[in-house]
Amino acid sequence: MGMYQDILKNGVWKQNTGVVQLLGLCPTLAVTTSAVNGLSLGLATAIVMAGANGSVSPVRRFVPAEIRVPVFILVIAALVTIIDLSIHAGSKPLYDALGIFIPLIVVNCIVLARVESFAAKNTSLPSMLDGFSMGLGLTLVLGLLGGVREVVGKGTLFSGIDLALGASAKQFMMTIPDYQGFLLAVLPPGAFLGLAMLIAGRNWFELRKLNRQAASSGENTAGLKPNL
Amino acid sequence: MASTLLKHALKTAATLIAFALIWTLLLALVHKSTEAPIAVSEAEARLSLFRQILPDTMHDNDLLKNILKVPPNPQLGNKEPIDINIAKINNKTVAIILEVIAPDGYSGNIELLIAIRADGTLSGVRVLAHKETPGLGDYIDVVRGNWIKHFDNESLIKTPPTLWKVKKDSGKFDYMAGATITPRAVVKAVFKALTYAKENQAMLFADASASH
C-alpha cells in the first residue's frame, strides 16, 4: 500500500510535471487561459498517461530495446487519437476550444518520459497509477493556473464549463461584477508570470517545511537547499 | 554471427509490425464507432451557427443539402472552392449563407459567416474564427459584444458604398478605440460579400421569386 501512496505523492507533489519537472510547458502555458480549458487538457493528458503506461507495462518484455521508442510513440499516438475522436464525438465546443492541443499531447515529453522511466520497468497497476498521478499533478497545475489567469484577466471563473459538462453546468460559472479585466493575465506573459508564481509558491512551501524539520532535528544545513 | 544478427533484426521488425497492426486495428474500430456521432455534432454545430444569422422560420429546406459550389473569388477571399448554402421557401431562394475570409485582420485572417436575403439585405453576420487580440479586437465576436449585430438589415441601398467604412475613415460603422484594424477588415469583407451577391445575383438567386 505504501508504494501506491508514494507513487501518488510523487506524481501530484514531489515530482509534479508542471511546477517541478517543468515538462510539457507548451500546453501548460498556451491552454491555461481559463480554468475549464486547463482542467480539460489536464484530464485528457492524465487519461492518455494512464492508458499509455498501462498498455506499455504488460508488453514491456516483448519490446526489444532498439525499437522501444517507436513502439511507445505508436501506443501514445494511437491513444491520443482515440481521445481526440472521443472528445470530438462527445463535445464539439470543447473540441473546438482545446483545438490543436489534444493532438499535441503526443509530443508532450511527460508522457514518453513516464512510459520510458516507469512503465518500462514496473508492473501494470503501479504503472497506470503513476501515469494517472503524474497527469493529476499536471491537471492541478493547469487548473490552478487557468483559474488564476481567468479570474485576474477576465473576472470570471469556470466560464465555458457548459461546453464540457452540458448546459445545466452553467450555474457553476462565477463572475466578479463590474470587473474590467486585466488583459495581461490572459495574454502569453500572464502564463509565464502565473507559472513563475506557482513555482515560487511551491518552493516557498517546501523550503519552509525543510527549515522547520531542520530546526526541530537540530540540523542546520538541509534547510537552505531548495527542492528542485 | 551474421545470421543471428539477421534473426534479431527480423524479430525486431516483426514486433514493430505486430504493434502497428494491433493499434491500427484499434484505431479503425474507434474511428468507425465515432464517425456517426462526429458527423451529427458537426452538422448540429453548423446549423446552430446558421440559426444565429437566419432563423429557422426563414426557410423550409435543409440548408446543409442545398449547396452551390463556387470557385475562389477575390471578393470572398477564399483560396479553395466554398459551399454556399441556399435557403429556400417553397423551392424559391430566399437567402444565401456564405463563408468569407477577411485577409487583413490585425493578426491574420478573420473568417465570417454572412447571410444575405434575396432583396440584397443582410440577415446577419457572425465571426467564425479570428486571432485578434483578446480584450481589444475580439469584440467582433458575438460572445464578446453586440458590435457584429450592427450589420443586421444593412444593405448596399441602405448604406451607399462610400459609407461602408468605420467612422474613423469617415464611414458609417462604429468601432472601439484601440482596435480599428479589426472592424475595418470586417466591414470591408462584408461590403465585398454584398457586392459579390449583387453582381452574381442571377446565378445565386436563380430560383428567387419573380418580384426580383
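Let us start at one residue, B:I110, which sits in strand β4 of chain B, a strand covering residues 108-117. Keep in mind as you look around that this is a predicted model. Is B:I110 buried or exposed? There are 26 other C-beta atoms within 10 Å of B:I110, and a residue counts as buried from 20 upward, so B:I110 is buried.

Which residues surround this isoleucine? Setting aside the neighbours within four places in sequence, B:I110 is in contact with B:A102, B:G105, B:V127, B:H130, B:A185 and B:V186. Another residue to find is B:A129, which is 19 residues away from B:I110 in sequence, while the C-alpha atoms of the two are 5.9 Å apart in space.

Now step back to the whole of chain B. It has 3 helices and 5 strands, and along the sequence they follow the pattern α-β-β-β-β-β-α-α. The radius of gyration of chain B is 24 Å, whereas the globule rule gives 17 Å for 212 residues, so this chain is more spread out than a compact globule. Along its principal axes, the C-alpha trace of chain B spans about 85 × 45 × 30 Å. Of its 212 residues, 29% count as buried. If you take the contacts in chain B with a separation of 6 or more, 50% of them join residues 24 or more positions apart.

The domain assignment divides chain B into domain 1, residues 1-53, and domain 2, residues 56-204. How far apart do the C-alpha centres of these domains lie? The distance is 38 Å. The two domains do touch: the contact takes 8 residues from domain 1 of chain B and 11 residues from domain 2 of chain B. On the domain 1 side, the touching residues divide into 5 nonpolar, 1 polar and 2 charged.

Two asparagines in the loops of chain B deserve a visit. B:N91 lies in the loop between β2 (82-89) and β3 (92-105). Its phi is positive, about 65 degrees, although B:N91 is not a glycine. B:N91 has 9 C-beta neighbours inside 10 Å, so it counts as exposed. Further along, B:N153 is found in the loop between β5 (122-129) and α2 (181-199) of chain B. For B:N153, too, phi is positive and near 65 degrees in a residue other than glycine. With 12 C-beta neighbours inside 10 Å, B:N153 counts as exposed, since the cut-off for that label is 12 or fewer.

Let us move across to chain A. This chain has 9 helices and 2 strands, and from the N terminus on its elements run α-α-α-α-α-α-α-β-α-β-α. A compact globule of 228 residues would have a radius of gyration near 17 Å, and the 19 Å of chain A agrees with that. The C-alpha atoms of chain A fill a box of roughly 60 × 55 × 30 Å along the principal axes. In chain A, 43% of the 228 residues count as buried. Residues 24 or more positions apart make up 77% of the chain A contacts with a separation of 6 or more.

What holds the middle of our tour through chain A is a nonpolar core. The largest one has 56 residues, of which A:V48, A:A52 and A:L79 touch the most other members. Helices α3, α4, α5 (92-98), α6, α7 and α9 (188-217) of chain A each supply at least two residues of this core, and α4(A) gives the most, with 12 residues. Beyond its neighbours within four places in sequence, A:L79 is in contact with A:V48, A:G51 and A:A52. Apart from this core lies another, of 45 residues, among them B:A95, B:A118, B:V125 and B:F205.

Helix α6 of chain A, residues 109-119, is a good place to see how a helix can turn one side inward. Its buried residues are A:I110, A:V111, A:R114, A:V115, A:F118 and A:A119. Seen down the helix axis, they fall within an arc of 135 degrees, so they line one face of α6(A). These buried residues pack against α3 (35-56), α4 and α7 (124-154) of chain A.

Finally, look at where the chains meet. Here 21 residues of chain A are in contact with 18 residues of chain B. On the chain A side, helix α4 (residues 68-90) gives the most, with 11 residues. The residues of that side divide into 15 nonpolar, 4 polar and 2 charged.

How values were computed: Residues numbered from 1 in each chain as written. Chains lettered and ligands numbered in written order. Predicted model: local features only at pLDDT ≥ 70, side-chain atom pairs only at ≥ 80, totals over all residues. Helix = DSSP H or I, 4+ residues; strand = E, 2+ residues; numbered from the N terminus. Contact = placed C-beta atoms within 7 Å. Nonpolar A, V, L, I, M, F, W, Y, C, P; charged D, E, K, R; others polar. Rg over C-alpha atoms; globule rule 2.2 N^0.38 Å. Arc of directions from axis to C-beta. Domains from an automatic or database assignment. Core = buried A, V, L, I, M, F, W, Y, C linked by C-beta atoms within 7 Å.
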